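Let's take a walk through this one together. Have the model open in your viewer as you read.

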Amino acid sequence: MYKLVVEGGCRLFGEVEISGAKNSVLPIMCASLLTDDDVVLYNVPDLEDIRVMRSLLERLGKEVFFSNGTMVIKTKTDEPYEAPYEIVKKIRASIAVLGPLLAKRKRARVSFPGGCSIGPRPVDLHIKGMRILGASVKVEHGYIVAETDGLTGGLVNMLGINGTSVVATENVMMAATLASGTTVIDNAAMEPEVVDLANFLIKCGAKIKGHGTNTIIVDGVKKLKGCEYTVISDRIEAGTYILAGMMTKGEIILKNCNPMHLVEPINVFRQMGAIIEIINSSSILVKGIEKYEPVNVTTLPYPLFPTDLQAQLMAVLTKARGISIITEKVFQNRFAHAAEMNRMGADITIENSSAIIRGVEKLYSTTVMASDLRGGAGLIIALLGAEGKGELLRLYHVDRGYEKIEEKLSKLGAKVNREKSELI
Ligand code: EPZ
């Protein structure tokens with residue numbers, strides 16, 4: 001296991017290249033199952049989650065080549081239809097092979113994704129969607145077992161008890177591309193990654209309208225062809241580096257990012273007092289200040305403040321003036337990082353789905369542990385803004401979603417090192 005050793009107190013300066021979006025590439029890799037033609041993807045980050053999804057596609061008969069950000073996906077056989085537990089338990093996004101397998105191969109056997117440290121991760125909306133498209137779906141022995149003689153279009157309401165679902169929207173949209181007739185997805189997720197997937201599918205010959213709004217309409221076609229496609233940049237990685245620049249009172253230029261995907265987060269960061277300039281359509285300048293103003297933020301589906309930046313925002317608010325409140329409306333248990341920040345001297349109280357953050361003068365470095373991807377990123381930001389040398393254990397969580405994090409941070413002037421961890 002590896003840890004990241006961080007010497008706090010260094011101000012970050014310089015330029016950082018934002019990588020391709022993990023949460024775009026993952027569903028698009030699943031969508032490659034909808035065609036036997038070659039698919040070529042550009043701007044693909046080299047991340048653990050991408051490597052796991054690659055192994056799943058290879059189990060499902062694809063041949064995947066990947067180097068220097070370019071991924072080529074070829075078809076060896078379209079017979080296999082099972083996503084096994086040992087792969088699905090590593091990344092929940094594997095559930096997104098369900099729709100493509102049903103649509104193209106007429107059957108699927110996908111291990112039930114377990115919960116994870118950010119709360120229960122139900123898949124009822126995925127199953128409901130497939131049933132509405134005409135599949136028979138059973139859950140037995142920990143597997144979702146689904147089959148169909150051929151999917152048919154339907155009306156799918158994507159609203160669950162916690163709002164809409166990003167990957168369930170993507171799953172149904174993919175399945176609908178080869179269904180006979182028209183599918184309407186109501187209360188669809190509007191995330192940029194959903195739009196990116198739709199644009200990829202359209203390039204493969206799918207007929208999709210309304211992507212990016214809460215009503216997506218798909219007219220099924222007989223067959224999809226392969227294509228070459230460049231995925232969008234990662235708005236969550238970009239937001240993470242903006243907050244690292246703010247925490248360290250530095251000055252960072254983000255390249256290869258899309259400011260339009262960060263409108264709400266930038267509004268919040270500006271309310272806090274950060275100086276943020278949109279240089280052009282693919283770069284952002286952030287200048288940190290001495291002391292930030294408190295804010296009250298609720299995480300909600302796009303285009304509002306993303307839950308995937310919640311931990312990183314919390315880190316910066318631990319040293320802001322006064323009292324800030326973050327209310328987590330998307331996941332039921334996404335505050336594990338708060339206790340670790342309190343061990344660094346922060347003053348955070350959790351009350352139901354809200355974190356009350358009382359600003360303190362200083363954070364003090366120590367050994368902290370990541371329990372999920374974005375919580376780990378939040379703790380790195382806390383360590384960057386703390387006094388002394390600290391370390392983040394279970395770095396593998398962060399490696400799932402941040403490409404070359406120690407290189408990118410070191411290039412900005414951070415004193416960070418990846419080291420083997422004797423502990424865990
Ligand atoms: C996607 O997860 C992202 N992952 C998550 O990013 C992100 O946090 C999340 O959307 C919310 O934006 C990918 O895109 C691969 P949801 P997803 O289904 O689709 C409930 C990261 O850090 N729900 O939108 O799995 C669910 O419990 C990851 O990169 C149901 O009730 O999330 C949650 O409370 C973490 N029934 C809410 O919906 C379902 O069938 C939103 O979850 C599905 C979900």
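We'll start with the ground rules, then go from the ligand to a pocket and on to the cores.

This is a predicted model, with local features needing pLDDT of at least 70, side-chain atom pairs counting only at pLDDT 80 or more, and totals for chains, interfaces and linings using all residues. Residues are numbered from 1 along each chain as its sequence is written, and side-chain values use heavy atoms, leaving out hydrogens and water.

Around the ligand sit 23 residues (each with a heavy atom within 4 Å of it), and Arg 92, Asp 124, Ser 165, Asp 308 and Val 330 come nearest. Now look for polar contacts (pairs of N or O atoms within 3.5 Å). The side chain of Ser 165 puts an N or O atom 2.6 Å from a ligand oxygen. Val 167 uses a polar backbone atom instead, 2.8 Å from a ligand oxygen, while Asn 162 has a polar side-chain atom 3.5 Å from one.

Next, the second largest pocket: 16 residues line it, with Met 247, Lys 249, Glu 290, Lys 319 and Gly 385 nearest its centre. That lining has eight charged residues, five nonpolar and three polar, Gly counting as polar.

What about the cores? Nonpolar side chains in soluble globular proteins tend to be buried together. The largest nonpolar core here (buried nonpolar residues, under 20% relative accessible area, joined through side-chain atoms within 4.5 Å) has 73 residues, and Leu 41 and Phe 200 are among those with the most contacts inside it. Apart from it lies another core, of 67 residues, including Val 286 and Ile 348.

Technical notes:
1 Å grid on protein atoms, 1.4 Å probe; cavity = no way out; pocket = protein on both sides within 12 Å on 5 of 7 lines; lining within 4 Å. Buried < 20%, exposed > 50% of the residue type's maximum accessible area, 1.4 Å probe, protein only. Polar contact = N/O pair within 3.5 Å; in protein donor to acceptor, adjacent residues only side chain to side chain.
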